[in-house]
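Work through the exercises below with the sequence and the model open. Try each task before reading its solution.

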Amino acid sequence: MNPEFHLMHTHIHPLGRFCFAASLFASVLMTRIEWVVFGILLILVLQIRCFSESWLPLRRAFRLLLWLLIPIILLHLFFTPGRLIWPDSSLPFSREGVNQAAWLALRLCALFVAAMAVSRSLHISEWIYYIGRMPLVGKRLLPFVQLASPMREMVSEHIQLQRQQKHSLRSLPNALATLFVNVWQGAEAEADSVWEHWQPSAQKHANGGHALGVLMGLCGLAILLASRLA
């Protein structure tokens with residue numbers, strides 16, 4: 001068994017874990033209050049840390065997020081009109097730009113981590129089990145679930161290869177284009193491999209504590225309700 005999911009399999013029922021993470025994801029989508037989003041983000045970080053028993057997944061996630069956050073922050077700082085922070089300087093930073101950039105960066109981080117928590121709330125065998133039991137669409141979704149794990153490994157390998165090469169600022173667009181092409185071609189190869197070696201999974205979902213699962217699900221719903229009332 002994957003050690004990253006040992007605690008989840010042993011103590012908490014899968015549906016309880018999924019309900020908790022999905023409730024927090026919905027809370028982030030529906031709330032517009034900064035301190036509520038920040039509080040939910042902290043809960044999500046602690047959830048992933050406890051279930052993964054390592055900070056490594058979170059460190060990787062936030063390194064990836066920097067590529068999105070930096071352009072968003074800079075664009076709002078330079079182009080959002082409003083009251084200038086330093087009127088006598090050449091920097092066009094406005095208070096409204098800072099506030100908007102901070103809010104969007106916080107919301108993006110929360111949504112990203114919430115999606116990460118939902119995906120990690122179940123082990124791959126549990127995803128396969130529950131999706132396979134879904135009426136009508138379950139069998140259509142199973143190949144995509146089977147493809148998720150090899151795709152993640154393939155993308156990580158290509159990104160790591162690009163990091164090992166030194167790129168100047170001028171060559172960065174070409175490096176990104178090469179990365180995109182390699183990932184696209186690798187995705188086709190992985191999809192062909194999954195199709196050629198397709199076998200219906202016989203794995204059963206892991207049983208966890210029903211009481212803790214119900215409690216965790218109710219806690220997620222309570223957070224969702226509280227975020228709506230805040």
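**Exercise 1: a surface patch**

Task: State which residues make the nonpolar surface patch of about 610 Å².

Solution. The patch is made by Leu66, Ile70, Leu74, Leu75, Phe78 and Phe79. Patches consist of residues with over 30% relative accessible area and no salt bridge, where like charges are joined within 9 Å and nonpolar side chains (Val, Leu, Ile, Met, Phe, Trp, Tyr) within 5 Å. A salt bridge is a side-chain nitrogen of Lys or Arg within 4 Å of a carboxyl oxygen of Asp or Glu. Areas come from the Shrake-Rupley method with a 1.4 Å probe, and for residues only the protein chains shown count as cover.

The model is predicted: local features need pLDDT of at least 70, side-chain atom pairs count only at pLDDT 80 or more, and totals for chains, interfaces and linings use all residues. Residues are numbered from 1 along each chain as its sequence is written, and side-chain values use heavy atoms, with hydrogens and water left out.

**Exercise 2: two residues of one helix**

Task: Place leucine 74 and phenylalanine 62, and classify their exposure.

Solution. Step one: leucine 74 is found in helix α4, and phenylalanine 62 is in helix α4 (residues 56–79). Helices are DSSP runs (H or I, at least four residues), numbered from the N terminus.

Step two: buried means under 20% relative accessible area, exposed over 50%, and partly exposed in between. Leucine 74 has 41%, so leucine 74 is partly exposed. Phenylalanine 62 has 29% and therefore also counts as partly exposed.

Step three: beyond its neighbours within four places in sequence, phenylalanine 62 is in contact with Cys109 and Val113; contact means heavy atoms within 4.5 Å. Phenylalanine 62 and valine 113 are 51 residues apart in sequence, but their C-alpha atoms are 8.9 Å apart in space.

**Exercise 3: a buried charge**

Task: Find the nearest side chain of opposite charge to arginine 107.

Solution. Arginine 107 lies in helix α5 (residues 95–120). The nearest side chain of opposite charge is glutamate 34, 10.0 Å away. Arginine 107 is buried and has no salt bridge. Its contacts, leaving aside neighbours within four places in sequence, are Val28, Leu29, Thr31, Arg32 and Val37.

**Exercise 4: the length of a helix**

Task: Compare the expected and actual span of helix α2 (residues 14–30).

Solution. The expected span is 1.5 Å times one less than the number of residues. Helix α2 has 17 residues, so the span should be 24 Å; its end C-alpha atoms are 24 Å apart, which agrees.

Definitions and conventions:
Helix = DSSP H or I, 4+ residues; strand = E, 2+ residues; numbered from the N terminus. Buried < 20%, exposed > 50% of the residue type's maximum accessible area, 1.4 Å probe, protein only. Lys, Arg positive; Asp, Glu negative; His and termini not counted.
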